Amino acid sequence: MSDTCDQTFTFKKPSIAFLTRTVSDVAKKEGYEIERGAAELIGLLGDGSFRDAVKLLEEFSLQGGAITVAKIQDTHHMGSNFAHTLLTKLHGEGVESAVA
């Protein structure tokens with residue numbers, strides 16, 4: 001008796017927008033205060049991984065207080081111009097432009 005599996009599953013990475021909504025939903029359910037821009041940065045930093053995005057959210061929540069763009073910038077050593085430019089591109093030009 002052989003136990004083989006011929007099925008393969010290919011999962012696509014979730015979009016940054018979907019990860020952002022997930023981060024926002026989890027934050028709301030956990031009672032975290034989070035800025036929209038901070039949720040977007042966490043979604044981007046999650047790099048297509050729900051687990052990584054939620055783990056980042058948890059790490060920022062453990063620092064206490066609201067989860068802000070500034071907190072993420074400080075933790076990840078991003079200059080304010082970098083984060084501002086990235087968020088502006090995400091809103092105005094779409095993900096492809098923001099990550100190019």
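Start by selecting Thr68, which sits in the loop between H3 and helix H4 (69-75). You're looking at a predicted model, so keep that in mind as you click around. Is Thr68 buried or exposed? Its relative accessible area is 19%, and buried means under 20%, so Thr68 counts as buried. Now show what is around Thr68: leaving out residues up to four places away in sequence, it touches Glu35 and Ala38.

**Into helix H4**

Move along to Ile72, which is in helix H4. With a relative accessible area of 0%, Ile72 is buried. Which residues does Ile72 contact, setting aside neighbours within four places in sequence? Select Ala38, Leu41, Ile42, Leu45 and Phe60 to see them. Ala38 should ring a bell, as Thr68 touches Ala38 too. Try a distance label next: from C-alpha to C-alpha, Ile72 and Leu41 are 7.8 Å apart in space, though 31 residues separate them in sequence.

**Helix H2**

Leu41 takes you to H2, so colour residues 36-45, the stretch that makes up this helix. How many of the ten residues of H2 are buried? Eight are, and H2 is mostly covered. Pick them out if you like: Gly37, Ala38, Ala39, Glu40, Leu41, Ile42, Gly43 and Leu44. Glu40 is on that buried list, and you'll meet Glu40 again where H2 packs against H1.

Step just past the end of H2 and select Asp47. Asp47 lies in the loop between H2 and H3. Asp47 isn't a glycine, yet it has a positive phi of about 50 degrees. Asp47 is also exposed, with a relative accessible area of 52%.

**H1 against H2**

Now bring in H1, residues 16-30, and look at how this helix meets H2. The two pack at an angle of about 125 degrees, and their axes are 8 Å apart. That angle makes H1 oblique to H2. The crossing of H1 past H2 is right-handed. To see the contact itself, show side chains for Ile16, Leu19, Thr20, Val23 and Ser24 on the H1 side, then Ala39, Glu40, Ile42, Gly43 and Leu44 on the H2 side. Sorted by class, the residues of this contact are six nonpolar, three polar and one charged.

**H1 against H3**

Keep H1 on screen and add H3, residues 50-62. At what angle do H1 and H3 pack? The angle is about 40 degrees, with the axes 10 Å apart. H1 and H3 are therefore oblique to each other, and their crossing is right-handed. On H1, select Phe18, Leu19, Thr22, Val23, Val26 and Ala27; on H3, the residues they meet are Phe50, Ala53, Val54 and Leu57. This contact has nine nonpolar residues, one polar and no charged ones. Look for Leu19 and Val23: both appear in the contact with H3, and both appear in the contact with H2.

While you have the helices up, here's something to check by eye. An α-helix has 3.6 residues a turn, so residues three or four places apart point the same way.

**Ser61 and Gly31**

Stay in H3 and select Ser61. At 16% relative accessibility, Ser61 counts as buried. Its side chain makes a polar contact with the side chain of Tyr32, at 3.4 Å. The Ser61 side chain also reaches the backbone oxygen of Glu58 at 2.7 Å. Beyond residues up to four places away in sequence, Ser61 touches Tyr32 and Ile67.

One more pick: Gly31, in the loop between H1 and H2. Is Gly31 buried or exposed? At 62% relative accessibility, Gly31 counts as exposed. Measure from here back to Ser61: the two C-alpha atoms are separated by 9.8 Å, with the residues 30 apart along the chain.

**Zoom out**

Finally, show the whole protein. What elements does the protein have? There are six helices and zero strands, running α-α-α-α-α-α from the N terminus on. Of the 100 residues in the protein, 35% are buried. Among contacts with a separation of 6 or more, 57% are between residues 24 or more positions apart.

Notes: Residues are numbered from 1 along each chain as its sequence is written. This is a predicted model: local features need pLDDT of at least 70, side-chain atom pairs count only at pLDDT 80 or more; totals for chains, interfaces and linings use all residues. Side-chain values use heavy atoms; hydrogens and water are left out. Helices (H or I, at least four residues) and strands (E, at least two) are DSSP runs, numbered from the N terminus. Buried means under 20% relative accessible area, exposed over 50%, partly exposed in between (1.4 Å probe, protein chains only). A polar contact is a pair of N or O atoms within 3.5 Å; within protein, one must be able to donate a hydrogen and the other to accept it, and residues adjacent in sequence count only if both atoms are side-chain atoms. Contact means heavy atoms within 4.5 Å. Axes are lines fitted to C-alpha atoms, for helices over the stretch in contact, and angles run from 0 to 180 degrees between N-to-C directions. Angles under 35 degrees count as roughly parallel, over 145 as roughly antiparallel, 65 to 115 as roughly perpendicular and the rest as oblique. A crossing is left-handed if the near helix is turned anticlockwise from the far one by less than a right angle, and right-handed if clockwise. Ala, Val, Leu, Ile, Met, Phe, Trp, Tyr, Cys and Pro count as nonpolar, Asp, Glu, Lys and Arg as charged, and the others, Gly among them, as polar.
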